[in-house]
Amino acid sequence: MEATNSTDSEPVSKPQLIYRCKRCRRIVASEETIVPHERGKGEASFKWRKRSGHNIGDEEKGSTQCSSIFVEPLKWMQSVQEGYVEEKLQCMSCKSRLGSFNWAGMQCNCGAWVNPAFQLHKSRLDECYM
């Protein structure tokens, strides 16, 4: 008789990261819908900083964490479905503002440009594993 390993027959599923509206706990995004972006040069990437001529290396002590996630357009984004080019994104259940979108693109707080941009603010979301 052959010995079978139980780990071969049962696939090990990794917990999936999901994002929920902080106010009503409705699921608004998951790990699969996130659009990754390469980190920019931080404050040096913003227009006001480019003009001022400050020495960038002196003031940039730590790397800034992205305060938002960018996702693909999703079915619950009603203003996207209505054909707007740029608008705020609201939760379908509680109408809480979760972020905004712009088909022409937006700049993340890390300095990277994301085009098209469907931005959800992490401060308005709860991260949890399912």
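Buried residues make up 33% of the 130 residues in the protein, where buried means under 20% relative accessible area, exposed over 50%, and partly exposed in between, with a 1.4 Å probe and protein chains only. The model is predicted, so local features need pLDDT of at least 70 and side-chain atom pairs count only at pLDDT 80 or more, while totals for chains, interfaces and linings use all residues. Residues are numbered from 1 along each chain as its sequence is written, and side-chain values use heavy atoms, with hydrogens and water left out.

The accessible surface of the protein is about 9100 Å², and 49% of this surface belongs to carbon and sulfur atoms. Accessible areas come from the Shrake-Rupley method with a 1.4 Å probe, and for residues only the protein chains shown count as cover. A contact is defined as heavy atoms within 4.5 Å. Of the contacts in the protein with a separation of 6 or more, 57% are between residues 24 or more positions apart.

## Elements and sheets

The protein has four helices and nine strands. Helices (H or I, at least four residues) and strands (E, at least two) are DSSP runs, numbered from the N terminus. Read from the N terminus on, the order of elements is α-β-β-α-α-β-α-β-β-β-β-β-β.

Strands of a sheet pair through backbone hydrogen bonds, either parallel or antiparallel. Here two strands count as paired if DSSP finds at least two bridges between them.

One open sheet has four strands in the order S3-S8-S5-S4, with antiparallel pairing. Its edge strands are S3 (68-70) and S4 (86-90), each of which pairs on one side only. From one strand to the next, the twist averages 25°; axes are lines fitted to C-alpha atoms, for helices over the stretch in contact, and angles run from 0 to 180 degrees between N-to-C directions.

Another open sheet has three strands in the order S2-S1-S9, again with antiparallel pairing. The edge strands of this sheet are S2 and S9 (125-129), each pairing on one side only. Its neighbouring strands are turned by 30° against each other on average, direction ignored. Strand S1 (residues 17-21) and S2 run antiparallel and are joined by three bridges. Tyrosine 19 stands opposite alanine 29 in S2.

## Pairing in the sheet of four strands

S3 and S8 pair in the antiparallel sense over three bridges. S5 (residues 97-102) and S8 (residues 117-121) are an antiparallel pair with four bridges, and S4 and S5 are an antiparallel pair with five bridges. S4 and S5 also form a hairpin with six residues between them. In that turn, lysine 95 has a positive phi of about 65°.

The table gives residues that stand opposite each other in this sheet.

| Residue | Partner | Strand of partner |
|---|---|---|
| Isoleucine 69 | Leucine 120 | S8 |
| Glycine 99 | Leucine 120 | S8 |
| Serine 100 | Glutamine 119 | S8 |
| Asparagine 102 | Alanine 117 | S8 |
| Glutamate 87 | Phenylalanine 101 | S5 |

Four of the five residues of S8 are buried, so S8 is largely enclosed by the rest of the structure. Five of the six residues of S5 are buried, so S5 too is largely enclosed by the rest of the structure.

## Serine 68 and threonine 33

Serine 68 is found in strand S3. With a relative accessible area of 4%, serine 68 is buried. Its side chain makes a polar contact of 3.2 Å with the side chain of glutamine 119. Another polar contact, of 3.3 Å, joins the side chains of serine 68 and histidine 121. A polar contact is a pair of N or O atoms within 3.5 Å; within protein, one must be able to donate a hydrogen and the other to accept it, and residues adjacent in sequence count only if both atoms are side-chain atoms. Leaving aside neighbours within four places in sequence, serine 68 is in contact with Gln119, Leu120, His121 and Lys122.

Threonine 33 lies in the loop between strand S2 (27-30) and helix H2 (47-52). Threonine 33 counts as buried because its relative accessibility is 14%. Apart from its neighbours within four places in sequence, threonine 33 is in contact with Phe70, Val71, Glu72 and Leu74.
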